[in-house]
Each structure stands twice: as structure tokens, then as C-alpha cells.
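Please look through the structure shown below, with an eye to its loops, its aromatic rings and the empty space inside. The report that follows takes these topics one after another.

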Amino acid sequence: MIAFVSGRVAAAGPDGAVIDVHGVGLSVQCTPTTLAGLRVGDHAKVPTSLVVREDSLTLFGFADDDERAVFELLQTASGIGPRLALAMLAVHTPNALRHAVAAEDLTALTKVPGIGKKGAQRLVLELRDRLGGPVGDAAADLRAPARAEPWREQVQMGLINLGWSAKDADAAVSAVAADLDGAEAPPVAVLLRSALKKLSKG
């Protein structure tokens, strides 16, 4: 197992980053929240989980060890692979997932693309005892609505990390917000792609 990678952030995109570790560029798939904390050119230490398949070796990166632990626990449920587990962490923080499973909040779980009602019910049944309850300052860690539209900052930081100016990033985020017109925001990765499309058209 590769527990973490440490090195210079060589590149960042909507779905992952490249970490230069002693001259070797390691591609790491990350949640938008994790990517928002990475700046190209800066040094970073990223907790990781290596997923081995017959035809691939994929490295997934996280904001902290707790996020990685929940990512690995999620995959112990039937029907949950690494991509879906990462999507769940893109929508919810680890504590928000613990809270949703413990409270049998199917509405929260089905906000994740790819999880329907039956899948959410299965998650609750299989993971309730494994995930446990929220840890630490749970009230502060339940993603949203601690501040209005928290996705704005995440998308803006993602765009800046990709090389766009703060002014351009802010304009793109405002354009995406206008398109939403008060509707519930989709996962940050979707919003980031929408912002990139607006910038490329501009």
C-alpha cells in the first residue's frame, strides 16, 4: 500500500493531480475538495489509497487520513467501487456520510450520482456498524450549509490551481451560479467542468 505521496504539485485538473516525487510524476485521482487545497508548484503531502486491478494501478488522493479511511470502508459495501466511493466523498464529507448512514438518511445518500434508493438502503444496512457515528466537531464538519454555497470557493480554487486568474475564476463561478438559478447544486466536479467550459468559450 502507498500510504501517501509527498512532492511538488506538477499539474492539476478537474479530476486529479500529478505529484512530482523525486522526478517521477504520480497521477492521483482526487475529490474537488482535495484538489482545492493543491496549488501547482507548491509542495504537498497527500494521503493515498492504491487500487489494484488486472489492467490498472490507480492512486486515489485525499485531504486527510480520515477521508482515505472512509473511502476504503465504503468499498466494503456490495456494489461500491473506487469511482463511486470517490463520488460519495465529492458530495459529502466523511462525517456527513457517517451521519447519513447512522440516521438512515436516504435522501442525502441518493444525492450522489449513481446511487438510487435501493443502493442507499443497502449502504445503510451494510455500513451502519462499520462507519460509526460522526467524529470530532461533527456539527462543523457536515458539509453545507455552514456557509452559503460552499461550492463557490471550491470551484474558484480549482480554477486558480488550473492557471486561471482570480478575476476569470470569479466570473466563471458567477456564471455557473446564474445558470443554477437557485436550484440545488450538483457535485463540485460537475460545477468545475461547467466553469471550465464557460472560460474556454470566453
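In this predicted model, E104 has a relative accessibility of 46% and therefore counts as partly exposed, since that class covers the range between 20% and 50%. E104 lies in the loop between α4 (94-102) and α5 (106-109), and its phi is positive, at about 55°, although E104 is not a glycine.

A positive phi is also found at H22, where the angle is near 55° in a residue other than glycine. H22 has its place in the loop between β2 (16-21) and β3 (24-30), and with a relative accessible area of 81% H22 is exposed, because the limit for that class is over 50%.

Strand β2 itself contains V18, which counts as partly exposed at 28% relative accessibility. In sequence V18 and L159 are separated by 141 residues, while in space their C-alpha atoms are 16 Å apart.

**Aromatic rings**

How many aromatic pairs does the structure hold? There are two of them, and they are set out here with the distance between the ring centres and the angle between the ring planes.

| Pair | Centre to centre | Angle of planes | Kind |
|---|---|---|---|
| F60 and F71 | 5.2 Å | 40° | tilted |
| F62 and F71 | 4.7 Å | 50° | tilted |

The planes of F60 and F71 stand at 40°, which is neither under 30 degrees nor over 60, so the pair is classed as tilted. This pair links distant parts of the chain, for F60 belongs to strand β5 (residues 56-61) and F71 to helix α2 (residues 65-74), eleven residues apart. Taken together, the ring pairs join F60, F62 and F71 into a cluster.

Are the members of this cluster buried or exposed? F60 counts as buried because its relative accessibility is 1%, where the class requires a value under 20%. F62 is likewise buried, at 1% relative accessibility, and F71 is buried with a value of 0%.

Another ring, that of F4, has a charged neighbour: the charged end of K45 sits over the ring of F4, 4.3 Å from the centre of that ring.

**The cavity**

Rolling a probe the size of a water molecule over the atoms shows where empty space is left. When the whole structure is searched, one cavity of 30 Å³ or more is found, and the largest cavity has a volume of about 70 Å³.

Which residues line the largest cavity? The lining is made up of A12, G13, P32, L35, A36, Q154, G158, N161, L162, V188 and L192. The elements that contribute two or more residues to this lining are α1 (32-36), α8 (151-161) and α10 (188-201).

Sorted by class, the lining of the largest cavity has seven nonpolar and four polar residues, with no charged residues present. In terms of domains, the lining takes at least three residues from domain 1 (4-61) and at least three from domain 3 (150-200).

To return to the backbone and the rings, a reader may wish to locate H22 in the loop between β2 and β3 and E104 in the loop between α4 and α5, and then to find the cluster of F60, F62 and F71 that the ring pairs link together.

Technical notes: Residues are numbered from 1 along each chain as its sequence is written. This is a predicted model: local features need pLDDT of at least 70, side-chain atom pairs count only at pLDDT 80 or more; totals for chains, interfaces and linings use all residues. Side-chain values use heavy atoms; hydrogens and water are left out. On a 1 Å grid over the protein atoms alone, a cavity is a set of points where a 1.4 Å probe fits but cannot get out, and a pocket is an open set with protein on both sides within 12 Å along at least five of seven lines; lining residues have an atom within 4 Å of a point. Grid points are joined across faces, edges and corners, and a volume is the space filled by probe spheres set on the points. Helices (H or I, at least four residues) and strands (E, at least two) are DSSP runs, numbered from the N terminus. Ala, Val, Leu, Ile, Met, Phe, Trp, Tyr, Cys and Pro count as nonpolar, Asp, Glu, Lys and Arg as charged, and the others, Gly among them, as polar. Domain bounds come from an automatic or database domain assignment. Rings of Phe, Tyr and Trp (its six-membered ring) pair if their centres lie within 6.5 Å; planes under 30 degrees apart count as stacked, over 60 as edge-to-face and the rest as tilted. Buried means under 20% relative accessible area, exposed over 50%, partly exposed in between (1.4 Å probe, protein chains only). A charge sits over a ring if NZ of Lys or CZ of Arg is within 6 Å of the ring centre and within 35 degrees of the ring normal.
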